[in-house]
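Thanks for coming. I will take one helix pair, then a few single residues, and then stop.

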Amino acid sequence: MTIIETGKPVALCSDHAGYEMKKEIIAYLASKGIATEDFGTDSEASCDYPDYAHPCALAVESGKDYPGIAMCGSGNGIAMTLNKHQGIRAAICWTPELARLARAHNNANVLVMPARFISVEAAKEIVDAFLSTPFEGGRHIRRIEKIPVSGL
């Protein structure tokens with residue numbers, strides 16, 4: 001798998017709606033020998049996604065972990081939180097093709113999945129696509145360099 005060849009753990013986080021899927025993805029990655037770091041939540045009890053998204057984003061942004069995978073009910077709230085970090089490019093993906101494009105064209109460093117709208121089997125396919133797709137570079141670099149607001 002291309003993206004995880006850094007040997008760094010994959011950072012994961014979820015809220016209560018994504019908890020069960022996150023557990024499945026952690027087990028799936030472990031079966032492939034991929035290390036993970038789980039930033040929570042640790043149950044299906046109602047919680048606030050920013051409490052887990054911010055520490056996950058900081059780990060990816062700092063380079064401690066790479067990449068990240070996050071889940072919440074729709075994917076929207078956790079993606080909005082992750083994308084508040086200047087070094088994060090979180091992409092909501094509900095098909096493998098969207099995951100491939102997020103990596104190839106946007107150099108996404110956090111995969112976000114809508115746990116209430118996809119199956120665990122679909123999530124595994126999306127994870128595989130995300131982790132195995134390299135960034136194309138080229139014309140996409142100048143676009144990505146314009147994303148951070150610090151450059152305005």
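At what angle do the axes of helix H1 and helix H5 cross? Keep in mind that this is a predicted model. The axes of H1, residues 19-31, and H5, residues 120-132, come within 10 Å, and the crossing angle is roughly 50°. Angles under 35 degrees would count as roughly parallel and 65 to 115 as roughly perpendicular, so H1 is oblique to H5. The crossing of the two is right-handed.

On the H1 side, the contact is made by Met21, Glu24, Ile25, Tyr28 and Leu29. H5 contributes Val120, Ala123, Lys124, Val127, Asp128 and Leu131. Sorted by class, that contact has eight nonpolar residues, three charged ones and no polar ones. As a general point, an α-helix has 3.6 residues a turn, so residues three or four places apart point the same way.

Now H1 by itself. Its 13 residues reach 19 Å from the first C-alpha to the last, close to the expected 18 Å. Which residues of H1 are buried? They are Tyr19, Met21, Lys22, Ile25, Ile26, Tyr28 and Leu29. These buried residues pack against H5 and also against four strands: S1 (10-14), S2 (36-38), S3 (68-72) and S5 (110-114). Just past the end of H1, Gly33 has a positive phi of about 80°.

One entry in that list is a lysine, so let me stay with Lys22. Lys22 sits in helix H1, and its relative accessible area is 0%, which means it is buried. Setting aside neighbours within four places in sequence, Lys22 is in contact with Leu12, Cys13, Ser14, Asp38, Gly40, Thr41 and Met71.

Next, helix H4, residues 96-106. Here Ala99, Ala102, Arg103 and Ala104 are buried. What do they pack against? The buried residues of H4 pack against strand S4 (90-92), H5 and helix H6 (139-145). H5 therefore appears again, having already come up as a partner of H1. Just after H4, Asn107 takes a positive phi of about 50°.

Last, a loop residue. Ser74 lies between S3 and helix H3 (76-82). Is Ser74 buried or exposed? Neither: with a relative accessible area of 31%, Ser74 is partly exposed. Not counting residues up to four places away in sequence, Ser74 touches Ile92, Pro114 and Phe117. Ser74 and Phe117 are 43 residues apart along the chain, and their C-alpha atoms are separated by 7.0 Å.

That is the end of the list.

Key:
Residues numbered from 1 in each chain as written. Predicted model: local features only at pLDDT ≥ 70, side-chain atom pairs only at ≥ 80, totals over all residues. Heavy atoms only, no water. Axes fitted to C-alpha atoms, helices over the stretch in contact; angles between N-to-C directions. Parallel < 35°, antiparallel > 145°, perpendicular 65-115°, else oblique. Left-handed = near helix turned anticlockwise from the far one by under 90°. Contact = heavy atoms within 4.5 Å. Nonpolar A, V, L, I, M, F, W, Y, C, P; charged D, E, K, R; others polar. Expected span 1.5 Å × (residues − 1). Buried < 20%, exposed > 50% of the residue type's maximum accessible area, 1.4 Å probe, protein only.
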